[in-house]
Amino acid sequence: MIPVLFVLYFILEYFSHTKQLDVISKLKISGTLGPLAGTLLGIIPQCGMSVFVTTLYLSRRVTLGTLIATYLSTSDEAIPVLLANRGQESAILYLIGFKILIGVVTGYLVDLLMSRKYYGGEPPEVKSSHAVEIKMELEKTKYKEIAFHTLKRTMRIYLWVLIFTILISFALFYSNSEELIRSIQSHPNIQIVIAALFGLIPNCAASIAIAEAFLHTGLSLGATVAGLSTGAGFGPIVLFKDGKLSFAIQALVISLAAAILWGYIINYLI
């Protein structure tokens with residue numbers, strides 16, 4: 001996995017240093033295309049995008065629907081982990097396709113149905129250290145710095161994958177693996193709720209665990225999408241720390257309810 005992850009993260013780091021500002025400005029995220037733009041930003045496997053859109057929401061430059069669309073489309077580290085496992089191309093296409101659909105449809109529905117589209121609290125001073133995750137560098141690209149950050153990120157994600165693979169392997173080894181997998185597969189509705197709640201953990205470990213469970217234990221596609229939809233990187237941390245509590249809870253409840261509902265829909269369709 002390490003060479004594949006390194007190449008993927010190097011490309012992402014290079015993009016972050018050179019093209020990110022251009023992409024964000026062209027998406028016109030503050031206009032009527034906000035939920036679509038937020039969804040496309042969230043699809044990029046970088047938790048910094050959810051932080052960026054959260055800061056825009058707190059400054060009343062994007063709507064609640066745009067924020068929710070970004071959160072639901074964010075998959076944190078799941079896509080790189082799946083890409084590093086050969087033979088998962090169709091699963092990745094399904095995942096990205098459903099995440100785009102979920103983000104766009106839910107985002108526009110939220111803006112349509114909610115009476116208050118914009119943040120209602122006072123625009124705060126950004127206190128969260130996680131806000132620096134979205135640094136925009138306009139100076140000359142530093143390839144050594146990019147390579148160093150890429151290597152750190154690669155090894156951190158690899159270690160999380162290794163830990164969860166060992167835990168899953170022990171669970172399968174010390175139990176009747178066929179019975180365990182059959183038990184997991186026989187409760188798809190419970191899977192969705194548990195995965196969605198687990199995805200709320202604001203750490204890349206949650207998305208990696210869900211991806212590994214999907215690969216090794218028969219976690220359904222609906223549950224996988226639900227869990228990865230509630231996992232919005234560091235965005236919710238910034239929202240709770242820098243914003244008004246009632247608005248943060250509202251966004252989290254909407255995201256959770258939408259993720260669970262879409263998980264049921266996906267399992268029904270597939």
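Which residues form one aromatic cluster? Tyr57, Tyr119 and Phe247 do. The model described here is predicted. Confidence comes before further detail. The protein chain has an average pLDDT of 80. A score of at least 70 is reached by 83% of the residues. Among the elements of the chain, helix α5 (residues 64–73) has the highest mean pLDDT, 93. The lowest mean, 62, belongs to helix α2 (residues 20–27). Over residues 128–138 the pLDDT falls below 50. This stretch still has 26 contacts in the model beyond near neighbours in sequence.

The nonpolar core comes next. The largest one holds 63 residues. Tyr57, Leu64, Leu67, Ile157 and Leu239 touch the most other members. Helix α14 (residues 245–269) supplies the largest share of this core, with 10 residues. In soluble globular proteins, nonpolar side chains tend to be buried together.

Leu239 shows what such a position looks like in detail. Its neighbours within four places in sequence are left aside here. Leu239 is then in contact with Thr54, Tyr57, Leu58, Leu67, Tyr71, Ala248 and Ala251. One of these partners, Tyr57, is also a member of the aromatic cluster. Tyr57 and Leu67 are, like Leu239, among the core residues that touch the most other members.

Helix α5 is largely enclosed by the rest of the structure, because 10 of its 10 residues are buried. The buried residues of α5 include Leu64 and Leu67. Tyr71 is another of them, and Tyr71 is in contact with Leu239. The list also holds Gly65, Thr66, Thr70 and Ser73. Ile68, Ala69 and Leu72 complete it.

Ala37 offers a view of another helix. This residue is found in helix α3 (residues 34–43). Ala37 has a relative accessible area of 1%, under the 20% cut-off, so it is buried. Val104 stands 67 residues away from Ala37 along the chain. The C-alpha atoms of the two are nevertheless separated by 8.7 Å. Val104 falls within the range of helix α7 (residues 89–113).

Aromatic pairs number four in the model. Tyr94 and Phe98 make up a stacked pair, because their ring centres lie 6.2 Å apart and their planes meet at 15 degrees, under the 30-degree limit. Both residues lie in helix α7. They are four residues apart, about one turn of the helix. Their exposure can be set side by side. Tyr94 is partly exposed, with a relative accessible area of 45%. Phe98, in contrast, is buried, at 13%.

Terms used. Residues are numbered from 1 along each chain as its sequence is written. Side-chain values use heavy atoms; hydrogens and water are left out. pLDDT is the predictor's confidence in each residue, from 0 to 100. Helices (H or I, at least four residues) and strands (E, at least two) are DSSP runs, numbered from the N terminus. Contact means heavy atoms within 4.5 Å. A nonpolar core is a set of buried Ala, Val, Leu, Ile, Met, Phe, Trp, Tyr and Cys residues joined through side-chain atoms within 4.5 Å. Buried means under 20% relative accessible area, exposed over 50%, partly exposed in between (1.4 Å probe, protein chains only). Rings of Phe, Tyr and Trp (its six-membered ring) pair if their centres lie within 6.5 Å; planes under 30 degrees apart count as stacked, over 60 as edge-to-face and the rest as tilted.
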